[in-house]
Amino acid sequence: TMTWLTKDTLVLVMSTVLVAGCTSSNKEVSFKSGGMTHTFAEGKGSVPAGFPLPIYPGSSTTGSVSAEADKAVEQTKFLMLSSADPPDKVSAFYQSQLKATGWTVENLQTLPQLVSIAATKGDLEANVMVSVDVDKTTISLGVSKGVSLEASKGPSSDETYTPDKLTPPTD
């Protein structure tokens with residue numbers, strides 16, 4: 001399950017990027033907190049270094065947020081893009097490109113104004129959100145890597161599992 005990223009978290013993070021961008025004349029701001037280096041960037045050059053998800057062709061970069069542990073074991077990267085193409089075309093691109101680049105689509109939710117795609121690849125988890133804005137399509141990309149991913153997978157599939165009141169079914 002992909003619990004590291006919720007719509008509220010993404011909105012909060014990206015709102016922070018937009019506010020930081022509006023109040024600063026710099027294109028990029030970095031700071032350290034809790035053993036993590038956080039970087040906020042805006043504009044065309046704001047794609048985080050080594051960003052592992054495909055960038056939608058012809059889209060413009062709105063902003064990004066990156067958080068990386070000092071030892072580079074844990075990292076989270078968010079990228080906001082904007083496109084004039086319709087959401088269904090953008091969604092189809094990401095569904096095909098994720099599979100073509102080795103990602104496994106774990107969950108796909110299609111709502112009237114939003115498509116959410118959750119995917120995994122090795123120790124990476126990704127979330128692609130395609131949403132309708134007034135005159136454009138907004139693309140929110142999030143990728144997370146952390147040591148807790150392997151540990152949080154729970155019991156292996158060869159163990160017997162029986163749901164009960166204390167441990168409800170997860171599916």
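Author: Two strands are said to pair if DSSP finds at least two bridges between them. With that in mind, we can turn to this model, which is predicted.

Reader: How many bridges pair strand E3 with E4, and in which sense?
Author: Strand E3 covers residues 60–69, and Ser64 stands opposite Leu79 in E4. A further bridge partner in E4 is Gln75, which belongs with Glu68. The sense in which E3 and E4 pair is antiparallel, and the number of bridges is eight.

Reader: Which strand is joined to E4 by nine bridges?
Author: The strand in question runs antiparallel to E4 and spans residues 137–145. One of its residues, Ile139, is the bridge partner of Leu81. The strand joined to E4 by these nine bridges is E8.

Reader: Is strand E4 largely enclosed or left open by the rest of the structure, and why?
Author: Strand E4 takes in residues 75–83, and eight of these nine residues are buried. A residue counts as buried when its relative accessible area is under 20%. Because so many residues of E4 fall in that class, the strand is, with respect to the rest of the structure, largely enclosed.

Reader: Which strands stand at the edges of the sheet?
Author: Eight strands form an open sheet with antiparallel pairing, in the order E1-E2-E3-E4-E8-E7-E6-E5. The strands at the two edges each have a single partner strand, so one side of each is left without a neighbour in the sheet. These edge strands are E1 (28–33) and E5 (104–111).

Reader: What is the average twist from one strand to the next?
Author: This value describes how the direction changes on passing from one strand of the sheet to the next, and the average is 10°.

Reader: How many helices and how many strands are there in the chain?
Author: Read from the N terminus on, the elements follow the pattern α-β-β-β-β-α-β-β-β-β-α. Counting the helices and strands of the chain gives three helices and eight strands.

Reader: Which residues touch the most other members of the largest nonpolar core?
Author: This core has 20 residues. At least two of them come from each of E4, helix H2 (87–100), strand E6 (114–121), strand E7 (124–132) and E8. The residues that touch the most other members are Leu53, Tyr94, Trp103, Val128 and Leu141.

Reader: Which residue of strand E7 besides Val128 is in contact with Leu141?
Author: Leaving aside neighbours within four places in sequence, the contacts of Leu141 include Leu53, Phe78, Tyr94 and Val128. The list of contacts also holds a residue whose place is in strand E7 and which is buried, with a relative accessible area of 8%. That residue lies 49 residues from Phe78 in sequence and 9.3 Å from it in space, C-alpha to C-alpha, and it is Asn127.

Reader: Is the aromatic pair of Phe93 and Tyr94 stacked or edge-to-face?
Author: The structure holds three aromatic pairs, and in the one formed by Phe93 and Tyr94 the ring centres are 5.0 Å apart, with 90° between the planes. Planes over 60 degrees apart count as edge-to-face. The pair of Phe93 and Tyr94 is therefore, by its angle, edge-to-face.

Reader: Which residue forms one aromatic cluster with Phe93 and Tyr94?
Author: Phe93 is buried, with a relative accessible area of 18%, and Tyr94 is buried with a value of 0%. The residue that forms one cluster with these two is Tyr56.

Key. Residues numbered from 1 in each chain as written. Predicted model: local features only at pLDDT ≥ 70, side-chain atom pairs only at ≥ 80, totals over all residues. Heavy atoms only, no water. Phe/Tyr/Trp six-rings, centres within 6.5 Å; stacked < 30°, edge-to-face > 60°. Buried < 20%, exposed > 50% of the residue type's maximum accessible area, 1.4 Å probe, protein only. Helix = DSSP H or I, 4+ residues; strand = E, 2+ residues; numbered from the N terminus. Core = buried A, V, L, I, M, F, W, Y, C linked by side-chain atoms within 4.5 Å. Contact = heavy atoms within 4.5 Å. Axes fitted to C-alpha atoms, helices over the stretch in contact; angles between N-to-C directions.
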